[in-house]
Amino acid sequence: MHRRDAADPLRPFRARFALPDGIRYFDGNSLGALPVDTAAGIARTVTEEWGQGLVRSWNDADWIGAPQRVGAKIARLIGAQTHEVLVADSTSANLYKLLVAAVRARPGRRVILTEPGNFPTDLYIAQGVADLLPGIEVRSVPRERIADAIDATTAVLMLTHVHYKSGARFDMAALTRRAHDHGALALWDLSHSTGAVALDLRADQVDLAVGCGYKYLNGGPGAPAFLYVAEHLQATLSSPLTGWMGHAAGFRFEDDYAPAPGVSRFLCGTPPILGLSALETGVDLMLEADRAALFAKSEALTTLFIALVEQRCAGHGLALATPRDPAARGSHVSLRHAEAHAIMQALIARGVIGDFRAPDILRFGFTPLYVGYADVWHGVDILRDVLQTGEWRQARFQQRAAVT
Ligand SMILES: Cc1ncc(COP(=O)(O)O)c(C=O)c1O
């Protein structure tokens, strides 16, 4: 494994993260690790731009342009045009804005089509949108049948590209095409895809997308999220959150709302500059990496983990919950076990950090920028030990914290 790490073209990136010694970090799909440059970047934003520049920094440090500037950088990671992506708000809020806009752009169609077990915020936002808009309903259809469920009643197909729990990946191009064939729009949640798997939104003709800043983009806890609106839709869609930052000329302070041209109309309030500063550092770091190497490594790490777990942890009741075909999964792998929570707690106590997703999933994220092949080997070694010794049975591993 050390030889594989030595030959890894992405190996130098590991030193660009401030990872604690002795930790095998397999939860970058929940909260990405801290880039070394982030603290200095935020310190500069705080002490120089805020402290010295004060309000002048909205212009002088281009704080006001940060949502579009960082959005343009993310666009390069997801195969979008630079003017199609914006950093703003949370993934949940962006989903709300785009979903309402999309439903309104398909009058006469009543269905928001999604799958049961989609990430909860996606389902809750869709339910809220259906409550808000007369005649609109949410229809949840299992993924095996979702393509066939798209029909003339579908306003929007709303799916998460890589499933947060199982890691299963939809065929975004095929489903988007199918939605278009039936006159519907497709809205994708890319939270577990961006920086994890190859994305080409333009080639896949994706209409709308949202994604997270704090996972593979390493933007820090609660980092602002991004949204994508395909160029051809930008003039016709309108945001339901008509704040002054999305106004055509916010600093004219007019009484009446007029949407900004382009994707900027999906801004709402004042951008969170400290969060944007941290996110920009994370995105810049990812942009330094060769994209093909990044996604090849995601595949190699997940494949290695699955193989090692099956070879070395057999007989302990673990079941693979993630597709074996690398093209059908993202960059995390989930294992089912009736005692998944206690086992994960025991792993964390041994420095192997993944997470637990109720009711029975042990989830391991493999972030190609800083996870190495030897990490995977050691992680599985400790998993085997925890299972063999029954260490997880200790009372201290049975309690559940607020965040699992
Ligand atoms: C698929 C997906 N969507 C959205 C979110 C989170 O949204 P928010 O940042 O608004 O909490 C997550 C968080 O894990 C997620 O996995």
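The legends below describe close-up views of a predicted model.

**View 1. Parallel pairing of strands β3 and β4.** Strand β3 covers residues 111-114 and strand β4 covers residues 137-140. The two strands run parallel and are joined by four bridges. One residue pair can be picked out: T114 has S140 as its bridge partner in β4.

**View 2. The crossover from β3 to β4.** Between the two strands the chain passes through helix α6, residues 120-132. The resulting β-α-β crossover is right-handed.

**View 3. Residues around the ligand.** The shell consists of 13 residues. Those that come nearest to the ligand are S92, D189, H192, Y214 and K215. Sorted by class, the shell holds seven polar, three nonpolar and three charged residues.

**View 4. Side-chain polar atoms at the ligand.** K215 places a polar side-chain atom 2.6 Å from an oxygen atom of the ligand. For D122, an N or O atom of the side chain is 3.5 Å from a ligand nitrogen atom. S191 likewise has a polar side-chain atom, 3.5 Å from a nitrogen atom of the ligand.

**View 5. Burial of the ligand and the helices around it.** The ligand taken alone exposes 400 Å², and the protein buries 84% of that area. Helices α5 (91-104) and α6 are the elements that contribute two or more residues to the shell. Helix α6 is also the helix through which the chain crosses from β3 to β4.

Note on methods:
Residues are numbered from 1 along each chain as its sequence is written. This is a predicted model: local features need pLDDT of at least 70, side-chain atom pairs count only at pLDDT 80 or more; totals for chains, interfaces and linings use all residues. Side-chain values use heavy atoms; hydrogens and water are left out. Two strands pair if DSSP finds at least two bridges between them. A crossover is right-handed if, with the strands pointing away from the viewer, the path from the first strand over the helix to the second runs clockwise. A residue is near a molecule or strand if one of its heavy atoms lies within 4 Å of it. A polar contact is a pair of N or O atoms within 3.5 Å; within protein, one must be able to donate a hydrogen and the other to accept it, and residues adjacent in sequence count only if both atoms are side-chain atoms. Accessible areas come from the Shrake-Rupley method with a 1.4 Å probe; for residues, only the protein chains shown count as cover. Ala, Val, Leu, Ile, Met, Phe, Trp, Tyr, Cys and Pro count as nonpolar, Asp, Glu, Lys and Arg as charged, and the others, Gly among them, as polar.
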